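Visitor: Hi, I've got this one open on my screen and I'd like to walk through it with you. Can you take my questions as they come?

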Amino acid sequence: MTTATHNDDSNTSNPSLDKSAQHLNVDHDEVAKFTKLADEWWDKQGAFATLHEINPLRLNWISDNVLAGMNTDLEGLRVVDIGCGGGILTESMARRGADATGIDLGTENLKAATVHAEQSGLATLRYEHIAAEDFAAANKGQFDVVTCMEMLEHVPDPSAIVQACFDLLKPGGVCVLSTINRNPKSYLFAIIGAEYVLRLLDRGTHDYGKFITPAELDKMATMVGFSRQDLIGLHYNPLTKRYWLAQNVDVNYMMAVKKPHDASE
Ligand code: SAH
């Protein structure tokens, strides 16, 4: 039996009155880009094929690099995945033994995530329909690891999400963020290449103006009290269909930041 749950408060008579959905730091058009494709979250050849392809890279980076550097692994850690979508990363962390929670504001995404977790019989996984800031207010200092992947470039105020990540962590906890850099090369690769030439993503998935440079993300993280731990680029060769990690962070990248041990919750 699975204890994967989908705590969805959006099936009220008027979903627009849902407290989380009213949160100011959400662009509903951005969330709709994902919910309209929710049936495809677990289709490895579908709209989210790229996320499935990169998932082992990011999971291994979190586990074998970031956590290994802190002499730990995912086993038994309390993890929250913010903007979890269909739960591709959330579920993979639960499979490595993490006590994992995924949160998102897309109801259909969470349904897809919950159904898949139930089918997989995973017992240490749950999903919740709630804004990051509200979840952080209710769960201050509760988590060892916070992940927020491919989501910051879809929200009006990414720095408020970074603050929520900080608040959710125990002192000494680690946060892993991923997003897309902003420069002519990232425009060419992440928008023209991925959306128009290779059709890896739906057209309009990304808005160039919302991309975030590593320096900007570093500043957001430092401002709330994080210290930088690691930075790595995610790369793709469309000819060989090979994905790999490398130091170059011109396009897609992940950043690990740490809440200092002496930080107050
Ligand atoms: N993190 C997942 C999914 C990335 S897709 C992964 O990398 O596999 C981006 C996700 O962010 C979508 O599921 C979308 O619904 C969610 N999202 C966008 N804005 C949000 C917000 N303000 N609060 C919570 N989730 C949001």
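Guide: Sure. Let's start with a charge over a ring: Lys259 lies over the face of Phe166, at 4.5 Å from the ring centre. Keep in mind that this is a predicted model.

Visitor: Okay. And what lies over the face of Phe189?

Guide: That's Lys185, at 5.6 Å from the ring centre of Phe189.

Visitor: Let's stay with rings. How many aromatic pairs does a search of the whole structure find?

Guide: Seven. One of them is Phe34 with Phe48: the ring centres are 6.4 Å apart and the planes sit at 20 degrees, so that pair is stacked.

Visitor: Which parts does the Phe34 and Phe48 pair tie together?

Guide: Phe34 lies in helix H1, residues 28–35, while Phe48 is in the loop between H1 and H2, so the pair ties together parts that are 14 residues apart in sequence.

Visitor: Are Phe34 and Phe48 buried or exposed?

Guide: Both are buried. Ring pairs also bring in Trp41, which makes a cluster of Phe34, Trp41 and Phe48.

Visitor: What about Tyr236 and Tyr243, how are those rings arranged?

Guide: Their centres are 4.3 Å apart with the planes at 25 degrees, so they count as stacked, since the cut-off is under 30 degrees. As for burial, Tyr243 is buried at a relative accessible area of 14%, whereas Tyr236 is partly exposed at 22%.

Visitor: Why does Tyr236 count as partly exposed?

Guide: Because its relative accessible area is 22%, and buried means under 20% while exposed means over 50%.

Visitor: Switching to pockets. Which residues line the second largest pocket?

Guide: Tyr236 and Tyr243 are both in the lining. The rest of the list is Lys44, Gln45, Gly46, Ala49, Thr50, Glu53, Leu198, Leu200, Pro238 and Lys241.

Visitor: How much space lies in the second largest pocket?

Guide: About 200 Å³.

Visitor: And where does the largest share of its lining come from?

Guide: From helix H2, residues 49–67, which gives three residues to the lining. By class, the lining has six nonpolar, three polar and three charged residues.

Visitor: Now the inside. Which residues touch the most other members of the largest nonpolar core?

Guide: Ile82, Val146, Ile161, Cys165, Leu217 and Phe226, out of 34 residues in that core.

Visitor: Which elements give two or more residues to this core?

Guide: On the helix side you have H5 (132–138), H6 (158–168) and H8 (214–224). The strands are S2 (78–82), S5 (143–149), S6 (169–180) and S9 (252–258). H6 gives the most, with six residues.

Visitor: You mentioned S2. Where is Asp81, and is it buried or exposed?

Guide: Asp81 is found in strand S2, and at 3% relative accessibility Asp81 counts as buried. Its C-alpha is separated by 14 Å from that of Ser63, and the two are 18 residues apart along the chain.

Visitor: Changing topic: backbone angles. What is phi for Glu150?

Guide: Near 55 degrees, a positive value in a residue other than glycine. For background, most residues other than glycine have a negative phi.

Visitor: Where is Glu150 found?

Guide: In the loop between S5 and H6. Glu150 is buried, with a relative accessible area of 16%.

Visitor: And what about Arg199, what is its phi?

Guide: Phi of Arg199 is also near 55 degrees, again positive in a residue other than glycine. Arg199 lies in the loop between H7 and H8 and is exposed, with a relative accessible area of 58%.

Visitor: Which loop is Ile212 found in?

Guide: The loop between helix H7 (184–197) and H8. Ile212 is buried, at a relative accessible area of 3%.

Visitor: How far apart in space are Ile212 and Asn183?

Guide: It's 9.4 Å from C-alpha to C-alpha, with their positions 29 residues apart in sequence.

Visitor: Last one: where does Thr72 lie?

Guide: In the loop between H2 and S2, and Thr72 is partly exposed, with a relative accessible area of 31%. The C-alpha atoms of Thr72 and Pro156 are separated by 34 Å, and these residues are 84 apart along the chain.

How values were computed: Residues are numbered from 1 along each chain as its sequence is written. This is a predicted model: local features need pLDDT of at least 70, side-chain atom pairs count only at pLDDT 80 or more; totals for chains, interfaces and linings use all residues. Side-chain values use heavy atoms; hydrogens and water are left out. On a 1 Å grid over the protein atoms alone, a cavity is a set of points where a 1.4 Å probe fits but cannot get out, and a pocket is an open set with protein on both sides within 12 Å along at least five of seven lines; lining residues have an atom within 4 Å of a point. Grid points are joined across faces, edges and corners, and a volume is the space filled by probe spheres set on the points. Helices (H or I, at least four residues) and strands (E, at least two) are DSSP runs, numbered from the N terminus. Ala, Val, Leu, Ile, Met, Phe, Trp, Tyr, Cys and Pro count as nonpolar, Asp, Glu, Lys and Arg as charged, and the others, Gly among them, as polar. Rings of Phe, Tyr and Trp (its six-membered ring) pair if their centres lie within 6.5 Å; planes under 30 degrees apart count as stacked, over 60 as edge-to-face and the rest as tilted. Buried means under 20% relative accessible area, exposed over 50%, partly exposed in between (1.4 Å probe, protein chains only). A charge sits over a ring if NZ of Lys or CZ of Arg is within 6 Å of the ring centre and within 35 degrees of the ring normal. A nonpolar core is a set of buried Ala, Val, Leu, Ile, Met, Phe, Trp, Tyr and Cys residues joined through side-chain atoms within 4.5 Å.
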